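Biologist: I'm new to this one, so could you show me the structure and let me quiz you on the labels people put on it?

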Amino acid sequence: MSAPLPDRWRENVVHRVSDLIGHTPLFHLGATGAGSRLLLKLENLNPTGSAKVRMASQMIAAAERRGELRRGGRIVEPTSGNTGLGLALAALERGYRFTAVVDHHASIDKMRALIALGAELVWVGEAGTDGPQTMARRALAEKLAREDGTWWPDQHNHPGNPEGYRGLACELLGDLFGDVDYLVASVGTGGGLCGTTRELRRLGSGVRSVGVEPTGSIMFGGEPGKYWQTGGGNPADFPVGRNVDHALIDEGVSVGDVEAFATARVLARHTGLLVGGTAGGAVYAALERLATLPPRSTVVVLVSDAGEKYLDTLFDEHWLSERGLHDPDRERSVGRSLEALTVGTGRAGGEVA
């Protein structure tokens with residue numbers, strides 16, 4: 001008989017923060033009378049409060065395998081914050097320096113978090129500039145990438161971005177009885193929705209995907225305009241990256257700032273979940289469609305961003321009112337949509353609770 005294992009070998013203890021990435025829970029938000037349920041994949045509970053930590057780690061690991069990164073090297077990336085936070089975490093764990101190229105459209109709390117993780121911030125544009133300075137950020141990152149020992153992943157086009165979400169697809173199928181019928185997510189670089197959808201379908205899922213962008217983004221052919229949701233969409237002056245694979249997106253919809261922010265605010269009051277504005281937009285799009293879907297459908301929304309980063313913006317009535325984005329009537333409407341759902345325990349073993 002073999003000797004018993006030392007107690008420390010049986011402990012559920014991790015040794016790096018990156019070991020905590022993934023295996024995020026599914027939250028049952030509610031169901032219709034016809035048994036269609038709305039589940040939230042709480043990617044905001046990842047380290048750094050974002051799904052993008054998944055793909056940041058994947059891009060760096062791929063670069064290491066190809067010999068593009070050497071210990072002590074420098075990583076540079078234009079970011080509105082979440083990808084930057086993921087890269088900053090991977091960089092500090094793996095021994096790299098990280099420079100984030102940012103603008104004043106980004107959440108200030110994301111910028112503070114980047115600094116806390118040891119990132120260098122390089123700013124473009126002036127404070128108060130309307131809209132994201134996406135092209136300026138990209139141009140500066142490309143310039144910095146030409147400096148010795150600097151690597152630029154280019155998240156909009158790097159294949160490691162969508163590959164970083166293969167595990168997310170496996171988690172969804174492993175945690176559910178049956179299939180994901182509809183997957184709804186905000187689309188920025190495209191990696192989250194397209195990477196997850198591709199892997200789900202490779203594993204045999206019949207999932208239909210719904211991509212959500214801010215009104216004013218041009219990803220799905222809408223009219224260009226200003227928007228305040230950060231981390232999602234594509235401004236008119238920026239070419240849509242290769243990771244937005246329209247062949248993997250069955251429906252593309254736009255949601256305005258008012259609706260997205262109202263939904264995030266109502267979710268906080270109704271459930272205690274603090275989610276970001278683009279996550280609010282994705283939940284709004286799902287709520288709008290839920291009653292029209294075939295009975296007993298399972299809808300999963302990827303909640304890709306934590307709301308704690310936006311306490312000074314979308315959760316601040318003064319900030320909203322200054323920009324004409326505070327709409328109590330819309331919040332009441334979203335609240336009624338949530339209250340119309342049954343909130344039991346969802347489906348188990350094929351039955352509706």
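Modeller: Sure, let's start with E171 and R54, which form a salt bridge with their closest N and O atoms 3.0 Å apart. The two sit in distant parts of the chain, E171 in helix α6 and R54 in helix α1, 117 residues apart. Keep in mind that this is a predicted model: local features need pLDDT of at least 70, side-chain atom pairs count only at pLDDT 80 or more, and totals for chains, interfaces and linings use all residues. Residues are numbered from 1 along each chain as its sequence is written, and side-chain values use heavy atoms, with hydrogens and water left out.

Biologist: Why is the contact between E171 and R54 called a salt bridge?

Modeller: The term asks for a side-chain nitrogen of Lys or Arg within 4 Å of a carboxyl oxygen of Asp or Glu. E171 and R54 have their closest N and O atoms 3.0 Å apart, so the pair qualifies. Both E171 and R54 are buried, and they are linked with K41 and E43 in a network of salt bridges. The structure holds 25 salt bridges.

Biologist: What makes R265 buried or exposed?

Modeller: Buried means under 20% relative accessible area, exposed over 50%, and partly exposed in between (1.4 Å probe, protein chains only). R265 comes in at 5%, so it counts as buried. Its salt-bridge partner is E317 (3.3 Å, N to O).

Biologist: And how do you know which class E317 belongs to?

Modeller: E317 has a relative accessible area of 44%, so it is partly exposed.

Biologist: What about R201 and D250, which meet in a salt bridge at 2.6 Å, N to O?

Modeller: R201 has 28% relative accessible area, so it is partly exposed. D250 is at 34%, so it counts as partly exposed too.

Biologist: What makes a group of residues a nonpolar core?

Modeller: It has to be a set of buried Ala, Val, Leu, Ile, Met, Phe, Trp, Tyr and Cys residues joined through side-chain atoms within 4.5 Å. The largest one here has 43 residues, and I60, I75, F98, L114 and L183 have the most contacts inside it. A second, separate core of 39 residues includes L42, Y182, V253 and V334.

Biologist: How do you know that β3 and β4 pair?

Modeller: Two strands pair if DSSP finds at least two bridges between them. β3 (residues 74-78) and β4 have 5 bridges, in the parallel sense, so they count as paired. V76 has T99 in β4 as its bridge partner.

Note on methods
Helix = DSSP H or I, 4+ residues; strand = E, 2+ residues; numbered from the N terminus.
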